[in-house]
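Here's a quick briefing to read alongside the sequence and the 3D view. Have both open and look for each spot as it comes up.

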Amino acid sequence: VKFVAAHDVRKLLLGDPLLERFQRVPSKDNGIDLEGFESRGGSHYLGLRGPVLRGQALIAQVAGDFSKLERIFCLSLEGKGIRSLRYHEGPGGKGFYVLAGSALAERSEFVLYRWSGRSSCFAPGGPGLTRIGRLEAREGKPEGLFTWGGTLGLVCDGAPGGAPRGIVLTP
C-alpha cells in the first residue's frame, strides 16, 4: 500500500459559517460527526451524523481534490443524522442510499432513504428524497451500507454473540 495524500476534511467543514459554530460541541452531542462518505461525478459527499439542524441532516459536497467545500445539502430524515451513505443502481432505483439514525449516542430506530442528489432542505419527504423503510435491529445495530456484486447491503454490529453481520437489502 502506498500512501498518497491526506486531506483535512474537518478544516474544510469548519470553513463553513454554519458548521463553524459546532467546532466545540462533542461529536456525540450533536457536534460535527462524519459517518458517511461517497465519491460520485468528480465530487465527494460527506454524510454527517451531526449536527442535525432543526431536524435536518447534512451532506457536504467537497471538490474531488478536497480543495473546497462546494455546497451543503440538507435532508429531512425525521430528525435523524446520517449513519452511512452509498450510491447504488439497482432494481429499487438509482441514487444515494442513506442510512439514518440518531445523531446522539442513544440507541434509536434506523431508517433507509434514497436521495437523488438534489437538495430537499426543510421539505419533509421533499424532492428527490424517498423513505424506503425502517430497518429492524434483529441482527444488531445498523452501522453501514455497502455494495457487493450489484447488491446493496447493510453491515450491523452488536448482534447476539458479538459477531458483525452482513445483510442483503432489497430496497
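Which residues have the most contacts inside the largest nonpolar core? They are Ile59, Leu77, Val98, Tyr113 and Trp115, in a core of 16 residues. Keep in mind that you're looking at a predicted model. Let's start with that core and then work through the rings, the strands and one proline.

**The nonpolar cores**

- Strands β3, β4, β5 (81–90), β6 and β7 (110–115) each give two or more residues to the largest core.
- There's also a second, separate core, made of 15 residues, and Leu14, Leu19, Ala60 and Phe66 are among them.
- Nonpolar side chains tend to be buried together in soluble globular proteins.
- Try clicking on valine 98: leaving out residues up to four places away in sequence, it touches ten listed partners, including Leu75, Ile82, Val111, Trp115 and Leu145.

**The aromatic rings**

- You can find four aromatic pairs in this structure.
- One of them joins tyrosine 45 and phenylalanine 96, whose ring centres are 4.8 Å apart with 55 degrees between the planes, making the pair tilted.
- That pair links distant parts of the chain, since tyrosine 45 belongs to strand β2 (residues 43–53) and phenylalanine 96 to strand β6 (residues 93–101), 51 residues apart.
- Why is the pair of tyrosine 87 and phenylalanine 96 edge-to-face? Its planes meet at 80 degrees, with the ring centres 5.3 Å apart, and planes over 60 degrees apart count as edge-to-face.
- Are these rings buried or exposed? Both tyrosine 45 and phenylalanine 96 are buried.
- Phenylalanine 96 has a relative accessibility of 4%, so it counts as buried, given that the cut-off is under 20%.
- Tyrosine 87 is buried too, at a relative accessible area of 16%.
- Zoom out a little and you'll see one aromatic cluster formed by Tyr45, Phe73, Tyr87, Phe96 and Trp115.
- Tyrosine 87 has a charged companion as well: the charged end of arginine 40 sits over its ring, 3.7 Å from the centre.

**The four-strand sheet**

- Strands β1-β2-β3-β4, in that order, make an open sheet with antiparallel pairing.
- At the edges are β1 (33–40) and β4 (69–76), each of which pairs on one side only.
- From one strand to the next, the twist averages 25 degrees.
- Inside the sheet, β2 and strand β3 (residues 56–63) run antiparallel and are joined by seven bridges.
- Tyrosine 45 shows up again here, with glutamine 61 in β3 as its bridge partner.

**A buried proline**

- Proline 51 is found in strand β2, and its relative accessibility is 0%, so it counts as buried.
- Its contacts, apart from neighbours within four places in sequence, are Leu19, Phe22, Asn30, Gly31, Ile32, Gln56 and Leu58.
- Proline 51 and serine 27 are 24 residues apart in sequence, and their C-alpha atoms are 8.0 Å apart in space.

**Strands β9, β10 and β11**

- Strand β9 (residues 141–148) and strand β10 (residues 151–157) run antiparallel, with seven bridges between them.
- The hairpin they form has two residues between the strands, and glycine 149 there takes a positive phi near 55 degrees.
- On the other side of the story is strand β11 (residues 165–169), which pairs with β10 in the antiparallel sense over five bridges.
- Follow valine 155 across these strands: glycine 144 stands opposite it, and so does glycine 166 in β11.

Methods:
Residues are numbered from 1 along each chain as its sequence is written. This is a predicted model: local features need pLDDT of at least 70, side-chain atom pairs count only at pLDDT 80 or more; totals for chains, interfaces and linings use all residues. Side-chain values use heavy atoms; hydrogens and water are left out. Rings of Phe, Tyr and Trp (its six-membered ring) pair if their centres lie within 6.5 Å; planes under 30 degrees apart count as stacked, over 60 as edge-to-face and the rest as tilted. Buried means under 20% relative accessible area, exposed over 50%, partly exposed in between (1.4 Å probe, protein chains only). A charge sits over a ring if NZ of Lys or CZ of Arg is within 6 Å of the ring centre and within 35 degrees of the ring normal. Two strands pair if DSSP finds at least two bridges between them. Axes are lines fitted to C-alpha atoms, for helices over the stretch in contact, and angles run from 0 to 180 degrees between N-to-C directions. A nonpolar core is a set of buried Ala, Val, Leu, Ile, Met, Phe, Trp, Tyr and Cys residues joined through side-chain atoms within 4.5 Å. Contact means heavy atoms within 4.5 Å.
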